[in-house]
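Me: I would like to go through this structure term by term, asking each time what a label rests on. Please set each value against its definition before concluding.

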Amino acid sequence: MQKSKLLTIALIVGVLIIFFAFRGRLPQQNQTEGKEITVIIDYGNGTMRRFQGDGIAFMKDENAWSVLQRAAASASIPLEVASGFYPTVINGKHNGEEGKRWALYVNGERQINNAPLEVVIKKGDEVVWRFE
């Protein structure tokens with residue numbers, strides 16, 4: 001009886017040692033896993049609208065235009081678009097007004113050569129539409 005108790009305790013201790021020894025060696029989750037995207041509409045006059053969380057949950061095969069559409073829809077912001085899905089008007093701000101145009105940034109990098117439909121968005125990205 002005493003021998004079986006010692007064997008059981010030794011087995012439990014062994015399992016715990018193995019568990020804690022390998023715990024640090026398990027592959028880490030992707031840094032962006034579980035993060036959503038952030039969409040910011042910067043009106044160029046100090047006013048910004050930030051969209052993050054439930055209304056802007058990440059979806060597979062996302063692009064810059066689709067996240068702008070979803071953010072705008074969640075806040076009833078009207079959009080007008082030109083060919084290539086470049087926004088010409090966001091919430092009443094027209095391209096050319098005050099000599100400014102809508103520019104797209106992803107994670108701080110201006111997207112000059114890509115149409116919004118071509119700009120792939122990943123989990124954790126920050127998408128900014130700036131009137132400049």
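Me: What is the accessible surface of the protein chain, and how much of it belongs to carbon and sulfur atoms?

Reply: This is a predicted model, in which local features need pLDDT of at least 70 and side-chain atom pairs count only at pLDDT 80 or more, while totals for chains, interfaces and linings use all residues. Residues are numbered from 1 along each chain as its sequence is written, and side-chain values use heavy atoms, with hydrogens and water left out. The accessible surface of the protein chain comes to about 9,000 Å², and 56% of this belongs to carbon and sulfur atoms; such areas come from the Shrake-Rupley method with a 1.4 Å probe, and for residues only the protein chains shown count as cover.

Me: What makes a stretch a helix or a strand, and how many of each does the protein chain have?

Reply: Both are DSSP runs numbered from the N terminus, a helix being H or I over at least four residues and a strand being E over at least two. By that rule the protein chain has two helices and ten strands, and from the N terminus on the elements run α-β-β-β-α-β-β-β-β-β-β-β.

Me: How do you know that β7 and β10 pair?

Reply: Two strands pair if DSSP finds at least two bridges between them. Strand β7 (residues 102–106) and strand β10 (residues 126–131) have five bridges in the antiparallel sense, so the criterion of at least two is met. Within this pair, Trp-102 stands opposite Phe-131 in β10. Five bridges likewise join β1 (residues 38–42) to β2, again antiparallel, and the bridge partner of Thr-38 is Gln-52 in β2. These two strands form a hairpin with five residues between them, where Gly-44 in the turn has a positive phi of about 75 degrees.

Me: Why are β2 and β8 said to stand at the edges of the sheet?

Reply: The open sheet has five strands in the order β2-β1-β10-β7-β8, with mixed pairing. β2 (48–52) and β8 (109–110) each have a single partner strand, so one side of each is left without a neighbour in the sheet.

Me: Why is Lys-93 called buried, whereas Ser-74 is called partly exposed?

Reply: Buried means under 20% relative accessible area, exposed means over 50%, and partly exposed lies in between (1.4 Å probe, protein chains only). Lys-93, in strand β6 (residues 93–94), has a relative accessible area of 12% and is therefore buried. Ser-74, in helix α2 (residues 64–74), has 47% relative accessibility and so counts as partly exposed. Contact means heavy atoms within 4.5 Å, and, not counting residues up to four places away in sequence, Lys-93 touches Tyr-43, Asn-45, Thr-88, Glu-98, Trp-102 and Phe-131.

Me: What makes a set of residues a nonpolar core, and which residues have the most contacts inside the largest one?

Reply: A nonpolar core is a set of buried Ala, Val, Leu, Ile, Met, Phe, Trp, Tyr and Cys residues joined through side-chain atoms within 4.5 Å. The largest such set has 22 residues, and those with the most contacts inside it are Ile-41 and Trp-129. β1, α2, β7 and β10 each supply at least two residues of this core, and its largest share, six residues, comes from α2. Leaving aside residues up to four places away in sequence, the residues that Ile-41 touches include Phe-51, Leu-68, Ile-77 and Trp-129.
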